[in-house]
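Please open the model in your viewer and keep the selection panel at hand, since each stop on this tour begins with something to select.

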Amino acid sequence: MVLSTGTNKVKTAVFISGTGSNLKSLIKFSKLKKSPISINLIITNNKLATGLKFGAIFKIQKKIINFKDKDIAEKKILNELKKNKIELICLAGFMKILSKNFIKNFKGKILNIHPSLLPKHKGLNTHQRAIENKDKFAGCTVHFVNSKLDSGKIILQKKVRILKKDNNNSLAKKVLAEEHKLFPKAILKVFSL
Ligand code: GRF
């Protein structure tokens with residue numbers, strides 16, 4: 001993927017709704033020389049998202065967008081993205097579904113991380129469902145976002161074995177640790193395509 005020319009890094013916005021541990025790992029990655037991206041904007045739908053603190057810590061601009069009216073919210077976001085010359089979007093624990101129209105505006109330039117081995121367990125409560133399903137493996141996936149939920153082209157996946165003793169929490173913890181490594185790897189892959 002070639003998005004910008006010259007030596008500048010690709011300006012990226014990360015969308016979050018909660019803890020933002022993936023955001024933190026992306027920020028750390030973005031500071032490495034080998035990173036093709038810089039994180040220039042954090043967007044959230046949740047004013048209480050604890051991940052917002054990383055905006056202050058790393059001096060990155062953040063915007064809280066009220067999603068009561070999705071149309072208006074998306075217009076506001078598109079405006080912010082334009083203002084900040086954002087070229088790539090990383091969804092990292094963002095709990096709102098973006099409209100077809102929004103996605104069209106950033107076609108092929110939105111990545112999402114999902115805590116399952118897609119196409120298995122799209123949507124929510126992935127770890128619980130993997131355990132109940134008696135899956136041998138859980139894991140995480142980074143994929144391009146298209147208009148169907150958790151269905152865009154897969155970029156990279158990482159498997160994690162589900163042990164007998166695993167419960168929802170222990171599995172979530174193991175998968176999250178892998179997510180932190182997988183998202184940067186997937187970004188490197190995207191820019192080498
Ligand atoms: C991650 O498991 C992500 O895959 C899912 O939500 C969680 C967000 O965690 N969509 P964090 O906010 O990055 O800590």
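## A loop with two backbone features

Begin with the loop between β5 (110-114) and α5 (126-132), and within that loop select Pro119. Keep in mind throughout that this is a predicted model. Display the backbone on the N-terminal side of the proline, where the peptide bond from Leu118 to Pro119 is cis, with omega near 10°.

Stay in the loop between β5 and α5 and move the selection to His121, which has its place there as well. What is the phi of His121? The angle is near 55°, which is a positive value in a residue other than glycine.

## The ligand and its shell

Next, select the ligand, which sits in the largest pocket. The elements that give two or more residues to the shell around the ligand are α1 (21-30) and α6 (168-192), so colouring these two helices is a useful way to frame the view.

Now show as sticks the residues that surround the ligand: Thr19, Gly20, Ser21 and Asn22, then Gly93, then Ile113 and Pro115, and finally Leu176 and Glu179. Sorted by class, this shell holds three nonpolar, five polar and one charged residues.

Three distances deserve a label in the viewer. For Ser21, draw a line from an N or O atom of the side chain to an oxygen atom of the ligand, and the separation is 2.5 Å. For Glu179, a polar side-chain atom lies 2.7 Å from an oxygen atom of the ligand. For Gly20, the partner belongs to the backbone, with an N or O atom 2.8 Å from a ligand oxygen. How much of the ligand does the protein bury? Taken alone, the ligand exposes 370 Å², and the protein buries 81% of that area.

## A salt bridge along a helix

For the last stop, leave the ligand and select helix α3 (residues 70-83), together with the side chains of Lys83 and Glu80. Side chains of opposite charge can pair when their charged atoms come close. Here, the side chains of Lys83 and Glu80 meet in a salt bridge, with 3.2 Å from N to O. Because Lys83 and Glu80 are three residues apart in helix α3, they are separated by about one helical turn. A search of the whole structure finds four salt bridges, and the pair formed by Lys83 and Glu80 is a salt bridge of this kind.

Technical notes:
Residues are numbered from 1 along each chain as its sequence is written. This is a predicted model: local features need pLDDT of at least 70, side-chain atom pairs count only at pLDDT 80 or more; totals for chains, interfaces and linings use all residues. Side-chain values use heavy atoms; hydrogens and water are left out. A residue is near a molecule or strand if one of its heavy atoms lies within 4 Å of it. A polar contact is a pair of N or O atoms within 3.5 Å; within protein, one must be able to donate a hydrogen and the other to accept it, and residues adjacent in sequence count only if both atoms are side-chain atoms. Accessible areas come from the Shrake-Rupley method with a 1.4 Å probe; for residues, only the protein chains shown count as cover. On a 1 Å grid over the protein atoms alone, a cavity is a set of points where a 1.4 Å probe fits but cannot get out, and a pocket is an open set with protein on both sides within 12 Å along at least five of seven lines; lining residues have an atom within 4 Å of a point. A molecule sits in a cavity or pocket if more than half of its atoms lie within 2 Å of its grid points. Helices (H or I, at least four residues) and strands (E, at least two) are DSSP runs, numbered from the N terminus. Ala, Val, Leu, Ile, Met, Phe, Trp, Tyr, Cys and Pro count as nonpolar, Asp, Glu, Lys and Arg as charged, and the others, Gly among them, as polar.
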